[in-house]
Amino acid sequence: MSADGGRFALGRAIVENELVLHYQPIVRVSDRALVAVEALVRWRHPERGILPPSEFVPAIERAGLARELTLWVLREAILQTAVWRRDGEPLVVGVNLSPENLRDAHFRRFLDITLRAVGAPDLLIAELPAATLTSPEQLESLQRMRDKRIRVAIDDLVAPANLDDVPADLVKIGRALTARLAFDDRAVQDARAITAAAHALGRTVTVVGVEDDLAWRRVQDSGCDQVQGFVISPALSTADLDAWRHRR
């Protein structure tokens with residue numbers, strides 16, 4: 001496929017709703033109660049079936065369509081929170097954003113308009129990678145989100161870091177650290193240090209990518225608050241997530 005043809009296919013996927021959101025449950029460590037989900041995009045490819053983000057998101061970024069994809073994911077996730085709220089089962093949804101979004105006036109207007117139309121900004125978590133939050137402008141944008149009652153999560157932490165200056169409600173320990181928990185005592189120590197630093201600031205800590213029972217037990221030793229990973233559930237379609245919720 002030519003570059004132009006690939007860009008057309010990707011653009012069509014966004015415009016014609018070939019994309020779909022799946023949602024990975026996040027549970028409380030103490031009792032495994034469902035507390036939130038993370039929205040993860042999939043492509044219902046007309047020939048190849050359901051594709052994970054690793055199969056198409058890099059191509060979308062190369063094609064200059066990252067903003068369009070993020071706006072689509074954000075809109076769909078916010079609309080889904082409205083559906084769950086209407087049905088009496090409100091659920092907080094995390095959406096991955098990028099530092100570019102924080103500098104994008106069009107993105108900020110889109111977010112404001114969508115939330116005004118749908119309401120319940122407290123059901124949205126804006127997740128941003130820790131390593132990319134470096135400028136005062138970005139930190140001010142995070143605080144503006146929090147002022148609008150949007151929760152902010154600092155994602156993909158792999159080592160203790162100075163979190164004092166970053167406006168946030170949650171901290172997410174990244175997969176690179178989680179993958180070492182089962183066999184590396186230093187990783188457990190790092191997770192404990194991250195958790196202690198976050199708790200001192202009144203922030204909730206989620207460990208991402210917990211895949212098995214051994215990692216789960218080590219996560220419990222870390223003192224963190226929440227867990228996300230295959231030990232709980234893979235990302236699920238809306239219908240499958242609703243069924244999963246009702247079975248619990």
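These legends accompany a set of close-up views of a predicted model.

**View 1. The whole chain, with its helices and strands.** Welcome to the overview, a good place to get your bearings. The chain has 10 helices and nine strands. Its C-alpha trace spans about 50 × 40 × 40 Å along the principal axes. For 248 residues, a compact globule would have a radius of gyration near 18 Å, and the chain agrees with this because its own value is 18 Å. Of the contacts between residues at least 6 apart in sequence, 64% join residues at least 24 apart.

**View 2. The surface and charges of the chain.** Here we look at the outside. About 11900 Å² of the chain is exposed, and 51% of that area comes from carbon and sulfur atoms. Buried residues account for 50% of the 248 residues. The chain carries 32 positive and 35 negative charges, and the mean positions of the two sets are 3 Å apart.

**View 3. The largest nonpolar core, which has 71 residues.** Which residues touch the most other members of this core? They are L19, V41, V95, L111, L142, M145 and V227. Helix α3, covering residues 66-86, gives the most to this core, with nine residues. A second, separate core has eight residues, among them I26, A36, I125 and A153.

**View 4. V41 and the residues around it.** Now we move in on V41, one of the residues that touch the most other members of the largest nonpolar core. Beyond the residues up to four places away in sequence, V41 touches L19, V20 and L21, along with P53, F56 and V57. Its contacts also include L69, W72 and V73.

**View 5. T70 in helix α3.** Is T70 buried or exposed? T70 counts as buried because its relative accessible area is 15%, under the cut-off of 20%. Setting aside residues up to four places away in sequence, T70 touches N96, L97, N101 and F107.

**View 6. A120 and D156, two residues with positive phi.** Take a look at the backbone here. A120 has a phi near 55 degrees, a positive value in a residue other than glycine. A120 sits in the loop between α5 (105-118) and β5 (124-129). D156 is not a glycine either, yet its phi is positive, at about 65 degrees. Unlike the loop residue A120, D156 belongs to strand β6, residues 151-157. With a relative accessible area of 44%, D156 is partly exposed.

**View 7. T178 in helix α7.** This view centres on helix α7, made up of residues 175-178. T178 is buried, at 3% relative accessibility. Where does the chain come back to T178? Its C-alpha atom is 6.6 Å from that of V210, although the two residues are 32 residues apart along the chain. Leaving out neighbours within four places in sequence, T178 is in contact with I173 and with V207, V208, G209 and V210.

**View 8. A200 in helix α8.** We finish at A200, in the helix that covers residues 185-200. A200 is exposed because its relative accessible area is 66%, over the cut-off of 50%. The C-alpha atoms of A200 and A130 are separated by 18 Å, and these residues are 70 residues apart along the chain.

Note on methods. Residues are numbered from 1 along each chain as its sequence is written. This is a predicted model: local features need pLDDT of at least 70, side-chain atom pairs count only at pLDDT 80 or more; totals for chains, interfaces and linings use all residues. Side-chain values use heavy atoms; hydrogens and water are left out. Helices (H or I, at least four residues) and strands (E, at least two) are DSSP runs, numbered from the N terminus. The radius of gyration is taken over C-alpha atoms; the globule rule is 2.2 Å times the number of residues to the power 0.38. Buried means under 20% relative accessible area, exposed over 50%, partly exposed in between (1.4 Å probe, protein chains only). Contact means heavy atoms within 4.5 Å. Accessible areas come from the Shrake-Rupley method with a 1.4 Å probe; for residues, only the protein chains shown count as cover. Lys and Arg count as positive and Asp and Glu as negative; His and the chain ends are not counted. The place of a charge is taken as NZ of Lys, CZ of Arg, CG of Asp or CD of Glu. A nonpolar core is a set of buried Ala, Val, Leu, Ile, Met, Phe, Trp, Tyr and Cys residues joined through side-chain atoms within 4.5 Å.
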